[in-house]
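Let's take a guided walk through a protein structure. Have the picture in front of you and look for each residue as we get to it.

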Amino acid sequence: MFKKGSKLYSILTGTCPKCHEESMFKNKNPYILSEALSMHETCSNCGTKYKIEPSFFYGSMYVSYPVGIAFATAAFVISFFVFKASLSVVFVSIVGTLIVFMPVILRLSRNIWINFFMHYDKSLAKKP
């Protein structure tokens, strides 16, 4: 399920959706905010162009909403049902979670968006 060749592998690791060899992002750390969304133009392994068209990643905004909802729901369940917190504390935990995980949500949504349009090609992967 989490092996090379699966969409989930490319989404969670942020690797090229075609060869799964190189990271799409210039800096692997999403918390360096000045470089959070800096991406390579093409994959150095297979030559895949990441920006299919101008403004391609605007579509990832549609994906970031449900990803953010998933993070907020997880924060709600953990704080309300596990820690039995009051509603005001639950609200603060949801807002805090969304702020802290914002760079991760942005990158995840870009990874999901590009994987809608590109598929793994075994012939492009590096041979061991």
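**A serine in the last helix**

Start with Ser 109, which you'll find in helix H4. Keep in mind that you're looking at a predicted model. Is Ser 109 buried or exposed? Its relative accessible area is just 1%, and the cut-off for buried is anything under 20%, so Ser 109 counts as buried. What does its side chain do in there? It reaches the backbone oxygen of Leu 106, at 2.8 Å. If you skip residues up to four places away in sequence, Ser 109 touches Ser 60, Val 63 and Ser 64.

Now let's zoom out for a moment. The chain has four helices and zero strands, so reading from the N terminus you get the pattern α-α-α-α. Measure the C-alpha trace along its principal axes and you get a span of about 55 × 30 × 25 Å. Of the 128 residues in the chain, 37% are buried. Take the contacts between residues at least 6 apart in sequence: 60% of them join residues at least 24 apart.

Next stop: helix H2. This helix has 23 residues, and from its first C-alpha to its last it reaches 32 Å, close to the 33 Å expected at 1.5 Å a residue. Which residues of H2 are buried? They are Ser 60, Val 63, Val 67, Gly 68, Ala 72, Ala 75 and Ser 79. Here's a handy rule for looking at a list like that: an α-helix has 3.6 residues a turn, so residues three or four places apart point the same way. And what do the buried residues of H2 pack against? Their partners are helix H3 (87–100) and H4. You've already met two of the buried ones, Ser 60 and Val 63, as residues that Ser 109 touches.

Let's pick one residue from that list, Ser 79, which lies in H2 (residues 60–82). With a relative accessibility of 7%, Ser 79 falls in the buried class. A polar atom of its side chain lies 2.8 Å from the backbone oxygen of Ala 75. Leaving out residues up to four places away in sequence, Ser 79 touches Lys 84, Ala 85, Val 90 and Ser 93. Lys 84 is worth a second look: this residue follows H2 and has a positive phi, near 55°.

Why point that out? Most residues other than glycine have a negative phi. You can find another positive value at His 20, which isn't a glycine and has a phi of about 60°. His 20 sits in the loop between H1 and H2, and its relative accessibility of 2% puts His 20 among the buried residues. Ser 55 has a positive phi too, near 60°, and this serine is also placed in the loop between H1 and H2. Is Ser 55 buried or partly exposed? At 43% relative accessibility, Ser 55 counts as partly exposed.

Finally, let's look at the pockets. The largest one holds about 280 Å³ of space. It is lined by 16 residues, and the ones nearest its centre are Met 39, Lys 51, Phe 57, Tyr 58 and Arg 110. The elements giving two or more residues to this lining are H2 and helix H4 (102–117). H4 has the largest share, with three residues. Sorted by class, the lining of the largest pocket has eight nonpolar, five polar and three charged residues.

The second largest pocket has about 190 Å³ of space. Among the residues that line this pocket are Ile 11, Leu 12, Ser 23, Phe 25, Arg 107 and Leu 108. Here the elements that give two or more residues are helix H1 (7–13) and H4. Which element gives the largest share of this second lining? It's H4, with four residues. The classes for the second largest pocket are six nonpolar, four polar and two charged. So H4, where you started with Ser 109, gives the largest share of the lining in the largest pocket and in the second largest pocket.

Conventions: Residues numbered from 1 in each chain as written. Predicted model: local features only at pLDDT ≥ 70, side-chain atom pairs only at ≥ 80, totals over all residues. Heavy atoms only, no water. Buried < 20%, exposed > 50% of the residue type's maximum accessible area, 1.4 Å probe, protein only. Polar contact = N/O pair within 3.5 Å; in protein donor to acceptor, adjacent residues only side chain to side chain. Contact = heavy atoms within 4.5 Å. 1 Å grid on protein atoms, 1.4 Å probe; cavity = no way out; pocket = protein on both sides within 12 Å on 5 of 7 lines; lining within 4 Å. Points joined across faces, edges and corners; volume = space filled by probe spheres on them. Nonpolar A, V, L, I, M, F, W, Y, C, P; charged D, E, K, R; others polar. Expected span 1.5 Å × (residues − 1).
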